[in-house]
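Thanks for coming, everyone. Let me put the structure up, and then we will walk through how its chains meet.

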Number of protein chains: 4
Amino acid sequence: MTIARIGFIGLGTMGGPMAANLLRKGFELSVYDVVPAAVERAVGQGARAASCPADAARGVDALITMLPDGPVVRDALFGPDGAAAALERGTLVIEMSTIAPSQSDALRRDLEAAGLRMLDAPVGRTPRHAEAGTLLVMAGGTEADVAEATPLFEAMADTIHHIGPAGHGIRLKVVNNCMAMVGMVMTAEALTLAAKAGLDRDTAVRVMSGTAAGRGQLIMNYPNKVLAGDITPDFPLRMGLKDISLALQFGAEMASPLPLAAAARELFALAPAWGREGQDCTAMLLLMEDLARVGRAPAER
Amino acid sequence: MTIARIGFIGLGTMGGPMAANLLRKGFELSVYDVVPAAVERAVGQGARAASCPADAARGVDALITMLPDGPVVRDALFGPDGAAAALERGTLVIEMSTIAPSQSDALRRDLEAAGLRMLDAPVGRTPRHAEAGTLLVMAGGTEADVAEATPLFEAMADTIHHIGPAGHGIRLKVVNNCMAMVGMVMTAEALTLAAKAGLDRDTAVRVMSGTAAGRGQLIMNYPNKVLAGDITPDFPLRMGLKDISLALQFGAEMASPLPLAAAARELFALAPAWGREGQDCTAMLLLMEDLARVGRAPAER
Amino acid sequence: MTIARIGFIGLGTMGGPMAANLLRKGFELSVYDVVPAAVERAVGQGARAASCPADAARGVDALITMLPDGPVVRDALFGPDGAAAALERGTLVIEMSTIAPSQSDALRRDLEAAGLRMLDAPVGRTPRHAEAGTLLVMAGGTEADVAEATPLFEAMADTIHHIGPAGHGIRLKVVNNCMAMVGMVMTAEALTLAAKAGLDRDTAVRVMSGTAAGRGQLIMNYPNKVLAGDITPDFPLRMGLKDISLALQFGAEMASPLPLAAAARELFALAPAWGREGQDCTAMLLLMEDLARVGRAPAER
Amino acid sequence: MTIARIGFIGLGTMGGPMAANLLRKGFELSVYDVVPAAVERAVGQGARAASCPADAARGVDALITMLPDGPVVRDALFGPDGAAAALERGTLVIEMSTIAPSQSDALRRDLEAAGLRMLDAPVGRTPRHAEAGTLLVMAGGTEADVAEATPLFEAMADTIHHIGPAGHGIRLKVVNNCMAMVGMVMTAEALTLAAKAGLDRDTAVRVMSGTAAGRGQLIMNYPNKVLAGDITPDFPLRMGLKDISLALQFGAEMASPLPLAAAARELFALAPAWGREGQDCTAMLLLMEDLARVGRAPAER
């Protein structure tokens, strides 16, 4: 089925430019937002203004939701004048918000109970990318549903990943953003320590931009080591413990807080208890899996 | 002054191949290690065996130390049969171990008191790079001393950074390795959560290798935002708090531990107290500087 | 006004014995729970079974809710067949669940909009205490409302605290339980380290039960020091940093994880940046207040 | 053997009053400190001034060291003019400093190699207690050695614990102080959240001083539950996870940092992976032991 008419709910910092790109590519949009000015802007770009979510949903081939959190999405779909009841049976709902996976799952269950289909397809990157139509989409759902939505995604994004079955798009989005946000703090604590140590910031940034510190272990060391099944030590966990311990001592001398390094050190410290201190530092992944009992029954003790 | 004869103390996993590369490039080496087999190997490569650190130091143009920790370096230089007393006044000691900056500083003080010079020049990368002569050197010292040591560095490394004055090499090394080791855990906790969530690992790795999660904030977002003086929000700290909170909730549902994300969240949570919640996530750096009082006197309250 | 007839919603591990004690003291109860067996048990103790929350609310002088989380309380009060609509105007709703303060506040707003009154009065202690009628109540609300509810509290609790105005009961409950749960982990990490160090557990418990480690800083050192306005050092923060650093090093040698101590150390490490390293360890409170900017405007920079 | 003459090295904030109490009880002291004023004070109290550690050690029945850290103790015993060489064979060295257990062990090894005996006997409590002679001693060593030292301990302390064999005194001291310092931060983060929530401090302190939050889990819940072998849930780990999660959400809303609670939550979150979510919260101890593999071989996988 080809999608021509789209209901679009949520015209915020991200949703606004996403809708604009769909309009630019020739899709017909009926749009709804709680902020009248946002609706007016979309109308100026060619959209039809809807008076409520249900109104935005009437007669469309697909519905997109791009809203701040799970309860707001639920309200837009199932609240008073909600969209779900106004959609024709079988219509595809493309849920692009970043919400809790459990909320996304519950929405899908309720949409399917109402005879509708749902894709979880949250987006990565920034408002700037939304405007340029160069977002990244992480879609979870059937091949057929993703294929059906792809022309829409292509109007908004230049990178489209079909992550897996229903729910996997939002799951990877949550994991991805978690790691990205931890990276914000990891970088901040390193550069703050550098500053307190009197190092020149530009030099520190330039040098670390060329090492695994700045370039990311996921890209630099994980692929050839633990992810390739090789945990022979390029740099063993016991040396990692030594180095991070030196840093914590240095941080304390500089009165520079290293909350992430402090938490990380306790993981390195556990390596010998699990027989891993001589393995490559990337075997930290296996240690985390040990602790979280990945692939093992909880009751097995 | 051109260095031809080198004393080299510490022929371990890193020091062994480093010495081999110096020999290959034509330097004369007298070598010492507590492990006789390591010395024999170097002798097989053309080195002269020394019977103690002092013996390794006699008559050389420069001394390199590459040892496991600060007390061992101190002992090699100032212990019984230590190298320092055997060096000619004015000789350059190139300290390449990874040790506490305070220990490095103390060694320099004592070497200078003995009429010697010291560079702190720890190395980055792995034994494999040591063998290939493609290490990374972070040198701290005067221009002249670094220039004098550069031919030696070039025999062992393909990337040589003069970080700054004395002590800055070891300081940046400690900061760099700290961040690299935190990255080990950050990656492990993200991939463990992905596994517990049932996501396909290859897909997760492939997708996140293309986002700021995998590619590193130091490279992806910091340069154009906070490091360029721009903290207008591409993605504000308040949204970062939302996303990391979603992840922690999801981690708890999956029984997957997120110790770094948990520590990071408490930093995001502080943003409003410092008036920063509307700033770009990279302003996390400014928040850390607020907390650590970078550039402010401690007593100012 | 004297309360004689009570609607009671939520007969779980805590609510069940609480209702039983009210019945024992002669109150008339109409009870509701989603689990029929729980209702039957209460009926056996003299309660009237209600068919829904609204039914439980009809004709009562006060309504008690004791439910697992905020959404469930909201549903019981404002969902289909909810209690709020069935209560007479002016009736007192005593919300005794442990829920988010923001949810509690929202419930109060909505109850007051419906012409009702609400106390937040969560309870402390365990099911055993619920059975014995020796719970602890933390009530938030007006003097008059707390006085009106006190006979009910006295049937269920032996310790009744009027914490402050509306919302303060649930707020202190959340703070209290947080600290209690952190204490669970703090104790576990200390005893685990003791075990890994080969110490006799009974001895360790006996000794630490007599020190501030086991007896609690809130009781042992805070009252006479920081809470009394005295931060002259009995034991300065710099010594605290030394001791916790020793412990972390020891934990790493024993491969015993100290996640709380690791996080705590980073706070001690910040003391010099704020000019507090020479102050008593209890000035940690002032340092936390510095970081959280207690009593200071967020934008002041 | 009865001890009459004591060498005492280290007359700081703690050592000074400890020596004074020994003098008051009639012991003969020869004292040494790097600070002349401290020595003079002791001389005014009846001590003999020693010119160096060796001088303090000559002709004594026992030697006490009370110094700031391990290297300083080592220097006092084995450095130039060190005490060890001046002691008669068989003399008892009572090491009362708080130093790393590994340093304490190394000192004992070296003292025994020199034909001497050593007790590790660090003290708890504060300078005020040192003055009052009401310190707490944690002694590690043989029954006979502890008995020999007991009259000295009784001059300085009102609580004397023989913790176990050599090394156990300092080990428990380190564990104890770690927990005490974590308690400093735990209390601070709770009271800071209370302040940010607008709660009255006195009320918060008063109420929590009566619950397990303030009174300590080691005393309140551990003895009757996990330490008594009972992990049937008074309050199950899953409820602990709920409560600490509520607190973290509340902390984020209040912009009040909860670094310890954040770290603790990740432990609670792991409970289901280990089949423990339905067990009593005190089973957190067993979970920590699971993670640290207490009583299990490291390589067992």
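Start with one pair of residues. Asp234(B) and Arg128(A) form a salt bridge, and their closest N and O atoms are 2.6 Å apart. Keep in mind that this is a predicted model. Every number I give is computed from it.

So how many salt bridges are there between chain A and chain B? The count is four. Polar contacts come next. Across this interface of chain A and chain B, 21 residue pairs are in polar contact, both partners at pLDDT 80 or more. Which element gives the largest share of the side of chain A that touches chain B? Look at helix 8 of chain A, residues 168-196. That helix supplies 26 residues. By class, the side of chain A that touches chain B has 56 nonpolar residues, 23 polar ones and 15 charged ones.

Now the extent of this interface. In general, the size of an interface is often given as the accessible area lost when the parts come together. For chain A and chain B, the buried area is about 8,400 Å². Carbon and sulfur atoms give 75% of that. In residues, 94 of chain A are in contact with 94 of chain B.

What relates the two chains? A rotation of 180°, with 0.0 Å of shift along its axis, superposes chain A on chain B. The RMSD is 0.0 Å. The same surface serves both copies, as 100% of the contact residues of chain A recur in chain B.

Stay in chain A for a moment. Please find Thr126(A). It sits in the loop between strand 7, residues 123-124, and helix 6, residues 127-132. Is Thr126(A) buried or exposed? Its relative accessibility is 11%, so Thr126(A) counts as buried; the cut-off is under 20%. The side chain of Thr126(A) makes a polar contact of 2.8 Å with the side chain of His129(A). Set aside the neighbours within four places in sequence, and Thr126(A) is in contact with Met14(A), Leu135(A) and Asp234(B). We have met Asp234(B) already, as the salt-bridge partner of Arg128(A).

On to the other pair, chain C and chain D. Here, too, start with a salt bridge. The side chains of Arg128(C) and Asp234(D) meet in one, at 2.6 Å from N to O. Between chain C and chain D the count of salt bridges is four. There are 20 residue pairs in polar contact across this interface, again both at pLDDT 80 or more. Helix 8 of chain C, residues 168-196, gives the most to the side that touches chain D, with 26 residues. That side of chain C has 56 nonpolar, 23 polar and 15 charged residues.

How much area do chain C and chain D bury between them? About 8,300 Å², with 75% of it on carbon and sulfur atoms. Which residues of chain C lose the most area to chain D? They are Met179(C), Met184(C) and Leu218(C), together 8% of what that side buries. In contact terms, 94 residues of chain C touch 93 residues of chain D.

And the symmetry? Chain C can be laid on chain D by a turn of 180° and a shift of 0.0 Å along the axis, with an RMSD of 0.0 Å. That is the relation of a two-fold axis. Of the interface residues of chain C, 99% are also interface residues in chain D, so the copies meet through the same surface.

Two stops in chain D to finish. First, Arg171(D), which lies in helix 8, residues 168-196. Arg171(D) is buried, with a relative accessible area of 12%. What does Arg171(D) touch, not counting residues up to four places away in sequence? On chain C, it touches Ala197(C), Leu199(C) and Phe250(C). On chain D, it touches Pro101(D) and Asp105(D).

Then Ala50(D). It lies in the loop between strand 3, residues 48-49, and helix 3, residues 53-57. Ala50(D) is buried as well, with a relative accessible area of 9%. Beyond its neighbours within four places in sequence, Ala50(D) is in contact with Val31(D), Tyr32(D), Asp55(D) and Ala56(D). Ala50(D) and Ser102(D) are 52 residues apart in sequence, and 29 Å apart in space from C-alpha to C-alpha.

Definitions and conventions
Residues are numbered from 1 along each chain as its sequence is written. Chains are lettered from A and ligands numbered from 1 in the order in which they are written. This is a predicted model: local features need pLDDT of at least 70, side-chain atom pairs count only at pLDDT 80 or more; totals for chains, interfaces and linings use all residues. Side-chain values use heavy atoms; hydrogens and water are left out. Copies are superposed by least squares on the C-alpha atoms of residues with pLDDT of at least 70 in both. Contact means heavy atoms within 4.5 Å. Buried area is the accessible area (1.4 Å probe) that two parts lose on being put together, summed over both. A polar contact is a pair of N or O atoms within 3.5 Å; within protein, one must be able to donate a hydrogen and the other to accept it, and residues adjacent in sequence count only if both atoms are side-chain atoms. Helices (H or I, at least four residues) and strands (E, at least two) are DSSP runs, numbered from the N terminus. Ala, Val, Leu, Ile, Met, Phe, Trp, Tyr, Cys and Pro count as nonpolar, Asp, Glu, Lys and Arg as charged, and the others, Gly among them, as polar. Buried means under 20% relative accessible area, exposed over 50%, partly exposed in between (1.4 Å probe, protein chains only).
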